[in-house]
Amino acid sequence: MEAVADLAGLEETRVRFLGRKAALTTLLRSIPELPAADRPNVGRFGNLVKRELEAALEARQAVLEAGELVDALEHDRLDVTLPGRTLPLGHLHLITSTRREIEDIFVSMGYSVAEGPEIETDYYNFEALNHPADHPARSLHDTFFVSDDILLRTHTSPVQVRVMEKKRPPVYVIAPGKAYRRDSDATHTPMFHQVEGLVVDEGVTLADLKGTLEVFARAMFGSDRQIRLRPHFFPFTEPSVEVDVSCMICDGVGCRLCKRSGWLEILGAGMVDPNVFAFVGYDSEKYTGFAFGMGIERIAMLKHGVTDLRLFYENDLRFVRQF
Amino acid sequence: MKAPLSWLSEHVVIGLPVDELASRLALTGTEVERVAAVGVSSEGDVLKWFVVGKVLACEKHPDADKLSVCTVDVGEDQSRTIVCGAPNVRAGQTVAVSLPGAVLPNGMTIAKAKLRGVTSSGMILSEAEVGFEAKSPGIMVLPDEWEAGEPLGDRLELAESVLEVEVTPNRPDCLSIRGLAREIAAVTDETFCEETEYLYPVSSRQAADDISVEVWDPDLCPRYAARVITGVTVAESPPWLKARITHAGMRPVNNVVDVTNYVMWSVGQPLHAFDLAMVEGARVIARRAQAGETIVTLDDTKRVLTEDMLVIADAVKPSVIAGIMGSVDSEVTDSTTNLLLEAANFHGPSIMRTSGALGLRSESSTRFEKGLDRNLIPLALDMACAMLTEICGGVVSEGTVDVLAAETYPSKLTLRPHRVEQILGAIVPTAEIETILGRLGCEVDECPGDDACLLVTVPTWRADLEREIDLVEEIARIHGLGQLPSTLPPRTEGRGGLTQDQLAVRRIADALVGAGLDEVVTYSFIEPGWMGHLRLEPADPRSEPIPLTNPLSQDQSVMRTMLLPGLLAATRRNVAVREERVHLFETGNTFHARESGLPNEHRRLGVALYGPWEAESWTAKASPPDYYLCKGLLERVFALLGVQVAFEVNREGFLHPGRSAAITVNGVAAGWLGEVHPLVSRAFDISGHVVAAEIDLEVVLPAARGVTLFEDLLTHPVLEQDVALVVAEDVPATAVVGAVRAAGGELLRDVEVFDVYTGRQVAEGSKSLALRLTYRSPDRTLSENEVNQLRDTMLAELKTTIGATIRA
């Protein structure tokens with residue numbers, strides 16, 4: 001049996017020893033013709049041999065089949081280093097993925113996400129944000145107009161006013177979206193994206209703004225980041241601040257990215273001006289609040305090292321597909 | 001605002017190195033954009049090579065017409081020979097000399113050199129050569145009192161540091177050297193010092209005898225003051241003044257104009273000097289312009305004025321657009337001898353409006369538009385009179401003609417120290433509050449009868465401090481924001497999160513990205529011609545996009561009504577850089593005009609597919625995208641939102657007439673899809689097929705399912721049957737499926753088309769649709785017999801409804 005090399009040989013062996021013409025088969029078939037006294041012994045012995053032969057054949061067959069499977073699999077080899085079948089994978093635009101990242105940080109702190117129209121009235125974009133007509137602060141915004149008092153919003157801040165008109169405090173909200181300014185050069189595109197934040201509640205302080213933005217900066221740029229507040233001017237906040245994050249490249253030592261200052265400006269913020277509360281009928285003695293606004297492109301550029309703002313709007317897939 | 005450090009130092013001791021000063025200013029609210037070193041390098045001791053010289057003799061160069069050979073005393077034992085090319089060099093002059101070893105601002109090193117055979121050991125300098133002006137006609141002539149050999153750097157600001165400061169619009173007081181010096185004093189705890197008394201020769205003439213001032217519109221001109229100076233000589237300014245004017249970023253003009261600019265820079269009050277002889281009728285009138293009145297401003301531009309603009313006029317004509325720019329007619333010229341000097345206060349918003357309407361801004365208008373302190377006027381006039389008489393000669397007529405609508409007094413504010421804590425979240429001791437306000441020029445007292453409250457008197461130059469909260473900000477910035485603790489809001493209630501719609505938009509984008517599409521963000525304003533490429537009917541409202549009144553350029557001048565043009569442009573861009581597979585989507589708003597009020601904004605999803613879906617690879621052949629691929633993508637989006645939609649035959653001019661569909665949700669138009677019409681692709685310079693779609697998310701999202709309720713699909717199995725129906729070729733598949741659903745009974749749960757056949761086995765003009773029918777009962781397991789009966793009843797009905805027969 002050991003000498004049988006393959007399944008065909010095994011079948012030959014089976015036919016030879018157990019086939020219709022095999023000696024054992026002939027013997028077993030001839031039992032009725034034997035003397036009665038011999039029949040039990042011959043029958044018992046003959047069947048024992050038959051069973052042993054069958055078992056041996058079966059065992060050998062199992063061995064041979066296993067060997068043939070191994071050979072067959074061995075034969076079916078692929079070049080496993082060839083590339084896989086292409087399942088196309090798309091990409092979110094970096095503005096969207098950054099926007100989501102910002103949203104998720106604030107949502108995890110309990111903020112809602114509000115949206116508002118991109119074509120706005122002068123009232124929401126300027127007046128109710130404490131930029132009266134002919135106020136010099138308006139000259140900071142180069143505004144696109146649709147008519148005398150309808151314009152493309154120059155920031156996402158009008159959503160603040162729309163939210164406060166609809167809801168009494170407490171307010172914890174961010175407002176992401178597009179904004180437009182009439183400016184186009186290496187560091188400005190006429191359309192850009194902002195995320196506005198607004199918190200109004202009893203007992204909200206500038207220190208709370210600082211703590212909140214520290215949480216944000218660390219979630220966005222790494223747990224080692226520091227922030228610093230610099231006084232600034234915005235008509236709709238008082239006090240107003242600009243917020244810097246310690247440079248993620250040099251860790252505050254000073255490098256080319258941060259222009260040797262160790263700090264990178266990331267957003268503007270401040271305590272909501274009582275005049276803004278007056279426009280929406282909030283009691284500024286009872287409630288205080290803070291607001292902040294950041295450019296999504298700016299955050300994305302800092303985080304991903306993008307050096308040219310205009311790439312965001314060229315929609316070249318060699319850019320889009322990197323992120 | 002450019003502030004030369006030497007000028008600031010006249011008013012405050014600058015005890016910090018300049019970069020530390022810049023950082024202290026930044027952290028207290030005055031951003032220093034840069035500190036520029038201008039003029040000669042101050043490194044090491046190189047300044048010692050610049051000295052005062054006396055020209056002892058000056059002779060023509062023997063071999064060069066334009067050169068002079070000068071003998072110059074520079075305070076050494078022997079005089080030096082210096083060759084000079086300037087036309088104005090004369091013996092007896094006191095001049096500025098750079099000796100060999102000196103390096104000029106342009107990088108040139110002075111060395112002993114032979115000029116046409118004469119050895120020159122130094123150079124006589126012009127103003128331009130040390131950066132005092134852009135271009136000089138000749139050498140700089142110095143006062144004769146200066147002695148030979150004196151270090152020039154002791155007399156003139158050869159090496160200047162200029163702070164370039166960004167002043168926020170609420171701080172017009174810092175648009176002046178004194179204002180900035182006062183701010184530096186406050187934030188570095190130094191003393192501010194200011195000269196307030198000026199002496200000048202006064203004649204016995206009365207100014208009021210020579211001129212009259214009439215303010216017809218005091219609402220736009222709360223104060224107008226004028227002085228008269230007679231007998232001046234208009235000439236070039238002395239070198240130190242040119243240096244200051246240039247270092248401050250202005251351009252020296254003549255001594256009179258330079259003095260008025262110098263005073264403006266110093267105190268923040270713009271001045272205007274008129275040639276008195278040109279003031280017709282000796283009358284100065286501040287009045288609104290007449291409609292259509294014109295003036296040619298100093299920049300040689302004719303300006304047409306409107307009735308809301310203030311002008312300063314004489315008896316006959318307007319000579320200045322008040323606070324903005326003068327006319328060429330009233331300009332001081334070389335022949336001017338008598339001056340009318342104006343210092344006025346104008347209504348800020350009016351200046352802002354006029355300057356905006358005319359597109360004309362000046363150093364003067366940027367100050368006036370922010371609102372100036374009326375009390376600056378006497379100081380500015382005194383300072384100007386003293387400087388003019390000293391530099392230009394002449395005498396000042398007695399008296400100021402001063403028309404003042406109302407005096408401005410310091411305002412008084414109350415401040416509750418606990419409010420400071422309430423806003424900042426940190427305690428600032430009352431004593432510190434008082435010190436800080438004192439450093440800012442405020443007076444602090446207790447409120448009468450209330451010792452928990454401070455009464456703060458605010459100086460008139462800080463008109464931005466109007467309310468308690470403004471004082472809180474001042475305390476915060478001087479106290480130092482770095483000192484604030486970091487805390488989180490004491491949240492009392494509520495929760496946050498994304499809305500269902502916001503989550504749905506994210507899921508749509510994720511599904512498309514998962515399917516292989518790349519997201520783009522295109523501009524909301526587009527080229528109007530793009531809409532013209534789309535073959536829209538003239539009555540189609542989409543062909544009338546909202547225009548911007550002041551676009552940056554024609555190609556970004558109207559608000560998009562569709563995403564398609566932007567997507568096609570993005571496709572073209574990528575095709576142009578040889579990208580083979582351009583499969584794009586965008587979510588963004590489109591803008592639709594309304595009769596009145598704000599336009600409608602619709603958030604839409606757009607898709608554009610160009611180039612093979614699967615890249616050619618060793619496992620696959622490239623296959624072009626087609627209608628059904630795009631439809632499949634949309635079906636995937638609708639399936640994940642749980643929205644039932646219908647696709648119907650559609651005729652959009654920009655799509656292939658036979659390969660496009662309209663999409664509806666509950667009968668409401670929700671978008672379209674199809675192959676882009678070849679003429680449209682061509683108009684966008686794209687050769688080859690583009691398949692595109694747009695979905696109105698304002699319609700689709702509200703239809704998206706809320707909570708899914710459980711349905712038992714496990715207990716009783718489904719029973720499936722396949723049938724092939726022969727119908728006329730022009731019957732759309734949706735009609736067949738609709739008829740089958742209608743006739744199938746309530747146990748027919750699903751109908752799916754799995755094959756379409758036309759050919760020899762069906763009659764000409766017919767097609768066969770193979771359908772898989774899925775039957776299921778919620779409460780029992782169906783038998784084959786029961787389903788056969790249902791199916792036969794249905795087939796009989798289909799024969800009459802859509803003329804369908806079962807395929808043999």
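**Exercise 1. Is B:Arg535 buried, partly exposed or exposed, judged by its relative accessibility?**

Solution. Begin with the scale, on which buried means under 20% relative accessible area, exposed over 50%, and partly exposed in between (1.4 Å probe, protein chains only). At 38% relative accessibility, B:Arg535 therefore counts as partly exposed. Next, place the residue: B:Arg535 is found in the loop between α14 (528-532) and β30 (558-559) of chain B, where helices (H or I, at least four residues) and strands (E, at least two) are DSSP runs numbered from the N terminus. Finally, turn to the backbone, where phi of B:Arg535 is near 55°, a positive value in a residue other than glycine.

The model is predicted, so that local features need pLDDT of at least 70 and side-chain atom pairs count only at pLDDT 80 or more, whereas totals for chains, interfaces and linings use all residues. Residues are numbered from 1 along each chain as its sequence is written, chains are lettered from A and ligands numbered from 1 in the order in which they are written, and side-chain values use heavy atoms, with hydrogens and water left out.

**Exercise 2. Describe the backbone and the exposure of B:Arg116.**

Solution. First, B:Arg116 has a positive phi of about 50° although it is not a glycine. For context, most residues other than glycine have a negative phi, and most peptide bonds are trans. Second, B:Arg116 lies in the loop between β7 (113-115) and β8 (118-120) of chain B. Third, its relative accessibility is 57%, and B:Arg116 therefore counts as exposed.

**Exercise 3. Locate the cis peptide bonds that precede A:Pro170 and A:Pro239.**

Solution. The bond from A:Pro169 to A:Pro170 is cis, with omega near 5°, and A:Pro170 lies in the loop between α6 (158-166) and β4 of chain A. The bond from A:Glu238 to A:Pro239 is also cis, with omega near -5°, but A:Pro239 lies in strand β7 (residues 237-246) of chain A.

**Exercise 4. Compare the radius of gyration of chain A with that of a compact globule, and set the domains beside it.**

Solution. Taken over C-alpha atoms, with a globule rule of 2.2 Å times the number of residues to the power 0.38, the radius would be near 20 Å for a compact globule of 323 residues, but chain A has 41 Å. The C-alpha trace of chain A spans about 130 × 45 × 40 Å along its principal axes. The domain assignment, whose bounds come from an automatic or database source, gives domain 1 (7-75) and domain 2 (94-320), and 89 Å separate the centres of these two domains of chain A, taken over C-alpha atoms.
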